[in-house]
Structure formats: structure tokens, C-alpha cells
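Please report on how this protein is divided into domains and on how its strands are arranged in a sheet.

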Amino acid sequence: MILYGGKLSPFVMRPLLVSRAKGAEVTLALFEGGIKSPEYLALCPTGKMPLLVDGDLALPESQVIAEYLDAALPGPKMVPDDARAAAKVRLLVRLADTYVVPNLGGLFRGRENPAGVPDALKGMGEALGYIEHYRSADDEFAFGSSFTLADAALIPLFFFLDALDGPMPTKALIAAQPGLAAWWARAKASALGAQAVAEQAEGLKAMMASRAG
Ligand SMILES: N[C@@H](CCC(=O)N[C@@H](CS)C(=O)NCC(=O)O)C(=O)O
């Protein structure tokens, strides 16, 4: 199995985290020729990362890959068996993808489009509020007492909320949600979270250096 993509991408880090949490880290690689090459587009017409190749299966979309790895790899299950608990895990992921991701895009594009930043900040504050609403504040992990698909989705997105802070008050948005803030402090201090954050920070530094040069 090869997972194509770079570690800075929250969508690449999501399935990578799932594989690590299951104790069976997938091989990560950059696609030779890049994600806009005809060879890549033949496997993945969206031209986005990540792409998982497992034999004759070429699977795009981070959450689909994460669910596939959960089903295909040995190790602890990333979705609880209980139907209600499973729905809550999937809800947190869906809220992240539907509300956090688009606003993160707005914040990330802030340098080129500063006019879009206030709306993105407002939207991000609301998105974090939705997640706070559906979490139990005393849950150790995003949901419940073990690492799930929800942690795998949220950790690499929250990395950017820390990283973008300064010119934009993104840490304050987290602090406004006490349960989530406590989760994030625990998540980034955990072995899996600290590794992901360090790797994304390295990726961000490399991206900034390439933009500056
Ligand atoms: N919905 C996709 C989003 C993937 C995505 O947007 N990946 C970005 C990297 S963070 C990408 O490949 N962008 C390149 C492009 O759009 O040209 C997923 O969950 O996998």
C-alpha cells in the first residue's frame, strides 16, 4: 500500500494517522511527476492528494481512505461498534469537513485575499462551536476514551489553527470552546498528535522557504 501526498496536507495526515493508530503505518510517497501529471490524473482525476494505491485499487478522498484503512488493517477499530457512538464519531468528522475545512481555506488564502478573512474567522468560530456542541467536554479523545477517525480528522486541521495564529486570532477561536481547547492541548501532547504536528510544521516551513525563494 502506498499513500501519495505530502505530510503538510491535513487530508494526507488524516489516513496516515489512522494507519499509525492501528499500528501499521502505510508507506508515504510523493508521486513521481506530481499530482497534475497525466499518470496521476489517470489514477486520480481530481488531481488532489491523498491517493492510496493498494494493488489495483486507486482510492482518493482522505475520509474514504481513512475508513478503508480502518477496515483493511489490523489493530484497534477507529469507529466504535455501538451505533450511536459510531454516529457521533462520523458527525464530528462531517462537521470538520463541512464547516472547518472551507473556512480554513479562507484563512489560508488570507495573504492573497485579505477581504475574505473576517468571514472565514466568523465561519471558523461557528464551526468550532458546532463541534463543541456535539462533544462531551470531559471526553479524553475527540469522542470517548480512545483514538477514533474524529481525532485523525481534527488533529491535522487544528495544526493550522495554531500555525496561522498571530496575524489572525485563530488560537482565540479554540480558546473560546473550553472542551475543544482542553482536547487540543491533550491531543498535541500525545505521541501521535505531537508527531503529526511536528511533521506538519516541518512541511509548512519547507513550503514557506520555497515560496520565499
Ligand atoms: N476532499 C479532499 C481534499 C483534498 C485536497 O484538497 N488536497 C489538497 C492538499 S491539502 C490538494 O491536493 N490540492 C491540490 C490542488 O487542489 O491542486 C480529501 O479529503 O482528500
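The report below takes up the domains and their contact, and then turns to the sheet.

The model is a predicted one, and the chain in it falls into two parts, with domain 1 covering 2-72 and domain 2 covering 83-212. Taken over C-alpha atoms, the centres of domain 1 and domain 2 lie 20 Å apart, and the contact draws on 13 residues from domain 1 and 17 residues from domain 2. On the side of domain 1 that touches domain 2, at least two residues come from each of α1 (10-21) and α3 (62-72), and α1 gives the most, with seven residues. Grouped by class, this side of domain 1 has the make-up set out in the table.

| Class of residue | Side of domain 1 that touches domain 2 |
|---|---|
| nonpolar | seven residues |
| polar | two residues |
| charged | four residues |

The sheet is open and is formed by four strands in the order β2-β1-β3-β4, with mixed pairing. Because β2 (27-29) and β4 (57-60) stand at the edges and each has a single partner strand, one side of each is left without a neighbour in the sheet. From one strand to the next, the twist averages 25°.

For the edge strand β2, the partner can be described in further detail, since β1 (residues 2-4) runs parallel to β2 and is joined to β2 by three bridges. Within this pair, Tyr4 has Ala29 of β2 as its bridge partner.

Notes. Residues numbered from 1 in each chain as written. Predicted model: local features only at pLDDT ≥ 70, side-chain atom pairs only at ≥ 80, totals over all residues. Domains from an automatic or database assignment. Contact = placed C-beta atoms within 7 Å. Nonpolar A, V, L, I, M, F, W, Y, C, P; charged D, E, K, R; others polar. Pairing = 2+ DSSP bridges. Axes fitted to C-alpha atoms, helices over the stretch in contact; angles between N-to-C directions.
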